[in-house]
Amino acid sequence: MPAALACRRFDVVHVPGPRVPWLKRGALVSTIHDLAFLKFPEMFVPAHRQRLEFFTRQAVKRSDRLIAVSDCTRRDLQELLGATNVDVVHHGVDHELFQPGGPVTRREKPYILSVGALQPRKNYLTLIRAYRELKRPVELLIAGQCGWMWEEIEREAGNGVVLLGHVRDEELPALYRGAAVVALPSLYEGFGLPLLEAMACGAPVVASNTSCFPEVCGDAAIL
């Protein structure tokens, strides 16, 4: 990217994340998805957290405008990093893919679905322990690749808790449509795209009453 920017002068360079290029020619706009590494530092591998903080602070310092994916993230940027040049642009979904009509995943038992990488911030251990208290013939499916500090989540799986690993976008709508409920108990999210995907597929949603979830769900979910 530095070579490309040196050879050509662009009016605007938009980076969809915090890793902005060192060479700045023209206006620079970067998207910040969340500040979880500042709000929950204990839930990150130290080196990973330090890297995220370094790049995000550079993006805030060097960008002409910042895009926050939710009003929650905008407030965090202002309060935690002193950002002033922030606009909110919410995420969207592909409604040709995520829609109520289409194939439905069928399993032997009804299932609760949760979607997201395996990491502490997703609060999967609480979800699994709540599931263990259910006295009903139902499964808990968790769709998401291993992120970090996932080992305890893996140990808690089994006995009705199924870790599906990474699921391609093309396969997710059928999972959403077939779910008895989609549950996202995250402690914090910058946006929470699975909420929007699930609701677009007509799935009932239960989510944490925290961070951006009330903003994203409105009155369409149980918080």
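Which residues form one aromatic cluster with W22? F54 and F55 do.

## Model basis

This is a predicted model; local features need pLDDT of at least 70, side-chain atom pairs count only at pLDDT 80 or more, and totals for chains, interfaces and linings use all residues. Residues are numbered from 1 along each chain as its sequence is written, and side-chain values use heavy atoms, without hydrogens and water.

## Aromatic pairs

The structure has four aromatic pairs (Phe, Tyr or Trp rings, the six-membered one for Trp, with centres within 6.5 Å). F54 and F55 make an edge-to-face pair (planes over 60 degrees apart). Their ring centres are 5.6 Å apart and their planes stand at 65°.

F55 is buried (under 20% relative accessible area, 1.4 Å probe, protein chains only) at 18%. F54 is partly exposed (from 20% to 50%) at 41%.

## Helix α5

Helix α5 (a DSSP run of H or I, at least four residues) spans residues 124-132. Its buried residues are Y124, L125, L127, I128 and Y131. They sit on the same side of α5, because their arc around the axis (directions from the axis to the C-beta atoms) is only 160°.

## Second largest pocket

The second largest pocket holds about 190 Å³ of space (filled by probe spheres set on grid points joined across faces, edges and corners). A pocket is an open set of points on a 1 Å grid over the protein atoms alone, where a 1.4 Å probe fits, with protein on both sides within 12 Å along at least five of seven lines. Its lining has 13 residues (an atom within 4 Å of a point). I112, L127, A130, Y131 and A183 lie nearest the centre.

Methods: Rings of Phe, Tyr and Trp (its six-membered ring) pair if their centres lie within 6.5 Å; planes under 30 degrees apart count as stacked, over 60 as edge-to-face and the rest as tilted. Helices (H or I, at least four residues) and strands (E, at least two) are DSSP runs, numbered from the N terminus.
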